[in-house]
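Open the model in your viewer and keep the selection panel at hand. The stops below go from one selection to the next and say what is found at each.

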Amino acid sequence: MNLAVWRAQWLTALRRRRLLAFNILIPLVFVATIALSPAPDVHAAATFTVLFALFGTFGSSIPLIRDGESGLLRRYVLTGVHPGGLLLQHIFATATLDLIQLAPSVLVIVVAKGSSAPQAAMVLPALALGLVAANALGALTAALAKSVAEGALFSAMAALLLLHWAGTFRTPVPGTWQATLEAWNPFRPLHESLLAAAGAGGPDLDPVLLAIPMGVTVAVLLVIAAAGRYAIGLGGR
Amino acid sequence: MFAATDISYTYSSGRKGLGKVSVDGAPGDRVVVMGPNGSGKSTLLRLVSTELPSRPGSLTLFGEACESSMGDFRKRRDLRRRIGIVQDTPIHVEDLTGLENGLLFAELYGLPRAEALSAFSALSTSLGLDDALDVPTREYSYGMKKKLLIAEALVHDPEMLILDEPALGLDPPTRVALLRMLEERSERGVCTLVATNEPELAKKLATTVVLLHEGEVVAHGSPAELLAKVGGATRIEVHVTGSPPADLGLPADIVSIQLRPGRIIAESRSGPDVLPQLVGAVLATGLKIERIELREPDLTDVFMLYTGQALNPEALNRPLEGDSSP
């Protein structure tokens with residue numbers, strides 16, 4: 001498989017050292033401020049979940065919109081590269097970069113909240129899944145947006161809505177249709193793992209709970225792979 | 001190599017981009033499309049490059065109907081990999097160096113890295129980019145970006161080239177190098193479709209010239225055939241102080257003359273040989289001559305002949321509103 005776009009994303013990120021530093025430091029300062037404050041753990045966990053999800057969604061949609069506006073994506077597609085494959089490379093490259101940039105923030109949460117080893121260990125896969133889902137969501141909103149401002153708006157609204165359906169902003173009630181929806185939501189493991197790591201009394205996350213949201217994320221990625229050529233702006237060509 | 005038949009395009013605003021244009025090119029052909037801004041040159045190139053769909057009309061590339069290939073990824077990929085494209089605006093990954101951009105596009109075209117490096121190095125040397133290959137393209141000038149774009153379009157040795165204003169922004173040595181590269185490829189059977197507003201470039205490069213006006217073809221043929229239509233008259237502009245009188249005595253070889261305040265525009269079939277007589281006639285009226293300009297007929301005159309409008313108003317000293325066709 002041709003991974004040229006993946007490599008270009010990494011090289012670009014490594015070249016933008018100032019941005020890289022900001023992307024590490026800004027969430028770190030934000031997370032540390034909350035984690036070390038007397039804010040209730042449940043609120044802190046919700047805030048961390050929102051921050052991480054928006055970090056992924058914005059980080060995916062804005063570069064895609066910018067590259068679409070400049071004509072770079074059209075140039076890529078006219079070389080014969082598969083548009084869906086191009087989007088997947090973009091999603092996985094930015095999600096991996098996000099994970100690396102957010103890792104120090106996660107470490108601060110774990111240390112500041114005194115999380116147990118199993119709790120801490122669950123945050124990483126849940127964050128990885130949440131970031132892939134967030135970046136995929138960013139790619140989808142980028143396909144609908146006609147400007148960076150629209151992209152930011154659509155990304156924020158879509159992410160917040162999905163976070164709400166993940167049970168981030170309320171106490172889940174077992175047996176309801178919302179609870180079923182939550183079980184499918186790729187952001188739910190992220191929120192649950194952060195709740196547990198923050199010491200909010202949430203249960204230690206059973207790795208099996210990752211399976212369904214992971215399946216949903218894979219399904220979304222397959223849709224993006226198949227429909228990528230409609231998203232990039234060559235009218236499906 | 002390619003055959004576009006009655007291809008059309010209407011923008012989402014409803015503006016006609018192209019209306020039933022037919023154009024084709026065989027291996028080795030260099031088809032140059034000329035026309036003023038907004039005439040549909042870039043739209044035609046974008047249609048032939050498969051970037052835009054033509055509805056109605058049909059496009060055949062390398063002997064295959066294009067629309068049927070577009071639905072199948074492998075066919076689409078294989079078809080696009082046989083084309084090299086230079087867009088009018090050079091777009092790159094700005095944080096990557098010239099070399100990294102070159103290798104990125106070579107890899108996207110499916111070239112193995114070693115082959116890509118060798119081909120791209122040779123092209124960047126020919127285009128005079130060697131010294132800038134380690135520099136991020138955000139620091140490139142427009143001309144350097146254009147050179148890089150050309151190298152990227154040629155790196156996979158495509159069978160067909162689609163170039164939108166390829167010489168725009170290039171320095172004279174690079175223009176010469178570009179022409180040489182295109183001619184060499186043409187001799188090897190590469191078909192080239194170029195959009196330009198530069199009559200000199202078109203004359204040097206084209207085997208066929210297509211003149212577009214308001215989205216339609218107004219003339220096509222070899223440069224020699226088209227230039228023959230304007231009869232080879234040399235255009236002489238005599239800039240004078242004051243307005244020339246209507247009864248200016250004309251030398252016999254002057255085939256047409258326009259008298260404007262401060263300017264006399266004559267067309268001569270005997271080239272500049274008529275100049276002494278013309279100057280004598282002007283001085284005899286008591287006018288003072290400020291300067292004289294001579295211009296051999298070129299493809300802008302052919303365009304003027306067919307449309308009554310200037311192909312590239314900036315290229316002329318002054319637009320000639322109200323000029324009648326010869």
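## Stop 1: a covered strand in chain B

Select residues 30-34 of chain B, which form strand β3; 5 of its 5 residues are buried, and the strand is mostly covered. Bear in mind that this is a predicted model. Show the side chains of β3(B): B:Arg30, B:Val32 and B:Met34 lie on one side, B:Val31 and B:Val33 on the other, and all are buried, leaving both faces covered.

Now add the strands that pair with it. Strand β9 of chain B, residues 208-213, runs parallel to β3(B) and is joined to it by 4 bridges. To find the register, pick B:Val32 and look across to B:Val209 in β9(B), which stands opposite. β8(B) also runs parallel to β3(B), again through 4 bridges. There the residue to pick is B:Arg30, whose bridge partner in β8(B) is B:Thr192.

## Stop 2: onward through β8 and β7

From β8(B), residues 191-195, go to β7(B): the two run parallel and are joined by 5 bridges. B:Met160 has B:Cys191 of β8(B) as its bridge partner.

Select residues 160-164 of chain B to isolate strand β7. Is it buried or exposed? Of its 5 residues, 5 are buried, so β7(B) is largely enclosed by the rest of the structure. B:Met160, B:Ile162 and B:Asp164 point one way from the strand, while B:Leu161 and B:Leu163 point the other way; all of them are buried.

Next add residues 83-86 of chain B, strand β6, which pairs with β7(B) in the parallel sense over 4 bridges. One pair to label is B:Ile85 with its bridge partner in β7(B), B:Ile162.

## Stop 3: the antiparallel sheet of chain B

Hide the previous selection and show β2, β1, β4 and β5 of chain B. In that order these 4 strands form an open sheet with antiparallel pairing. Its edge strands are β2 (16-25) and β5 (64-65), each of which pairs on one side only.

Zoom in on β1(B), residues 2-10, and β2(B), which pair in the antiparallel sense over 6 bridges. B:Ile7 is a convenient residue to label, with B:Val21 of β2(B) opposite. Then bring in helix α1 of chain B, residues 41-48: this helix packs on the sheet and touches β1, β2 and β4 (58-61) of chain B. The direction of the helix makes about 120° with that of β1(B).

## Stop 4: two helix pairs in chain A

Switch to chain A and select residues 17-35 (α2) and 41-70 (α3). These helices pack at an angle of about 170°, with their axes 10 Å apart. α2(A) and α3(A) are therefore roughly antiparallel to each other. On the α2(A) side the contact is made by A:Pro27, A:Phe30, A:Val31, A:Ile34 and A:Ala35, and on the α3(A) side by A:Ala44, A:Thr47, A:Phe48, A:Leu51 and A:Phe55. By type, these contact residues are 9 nonpolar, 1 polar and no charged.

For the second pair, select residues 117-144 (α6) and 188-197 (α9) of chain A. The axes come within 8 Å and cross at roughly 155°, which makes α6(A) roughly antiparallel to α9(A). The crossing is left-handed. α6(A) contributes A:Gln119, A:Ala120, A:Met122, A:Val123, A:Ala126, A:Leu127, A:Leu129 and A:Gly130 to the contact; α9(A) contributes A:Pro189, A:Leu190, A:Ser193, A:Leu194, A:Ala196 and A:Ala197. Here the contact residues divide into 11 nonpolar, 3 polar and no charged.

## Stop 5: A:Leu210

Select A:Leu210, in the loop between α9 and α10 (211-231) of chain A. A:Leu210 counts as buried because 21 C-beta neighbours lie inside 10 Å. Which residues does A:Leu210 contact, leaving aside its neighbours within four places in sequence? They are A:Pro125, A:Ala126, A:Leu129 and A:Pro189. Draw a distance from the C-alpha atom of A:Leu210 to that of A:Pro125: the separation is 8.5 Å, for residues 85 apart along the chain.

## Stop 6: where the chains touch

Finally, show both chains. The contact takes 21 residues from chain A and 23 residues from chain B. On chain A, α1 (4-15) and α4 (72-77) each supply at least two residues of the side that touches chain B. The largest share of that side, 5 residues, comes from α1(A). Coloured by type, the side of chain A that touches chain B divides into 8 nonpolar, 8 polar and 5 charged residues.

Note on methods. Residues numbered from 1 in each chain as written. Chains lettered and ligands numbered in written order. Predicted model: local features only at pLDDT ≥ 70, side-chain atom pairs only at ≥ 80, totals over all residues. Axes fitted to C-alpha atoms, helices over the stretch in contact; angles between N-to-C directions. Parallel < 35°, antiparallel > 145°, perpendicular 65-115°, else oblique. Left-handed = near helix turned anticlockwise from the far one by under 90°. Contact = placed C-beta atoms within 7 Å. Nonpolar A, V, L, I, M, F, W, Y, C, P; charged D, E, K, R; others polar. Pairing = 2+ DSSP bridges. Buried ≥ 20, exposed ≤ 12 C-beta atoms within 10 Å, placed from the backbone.
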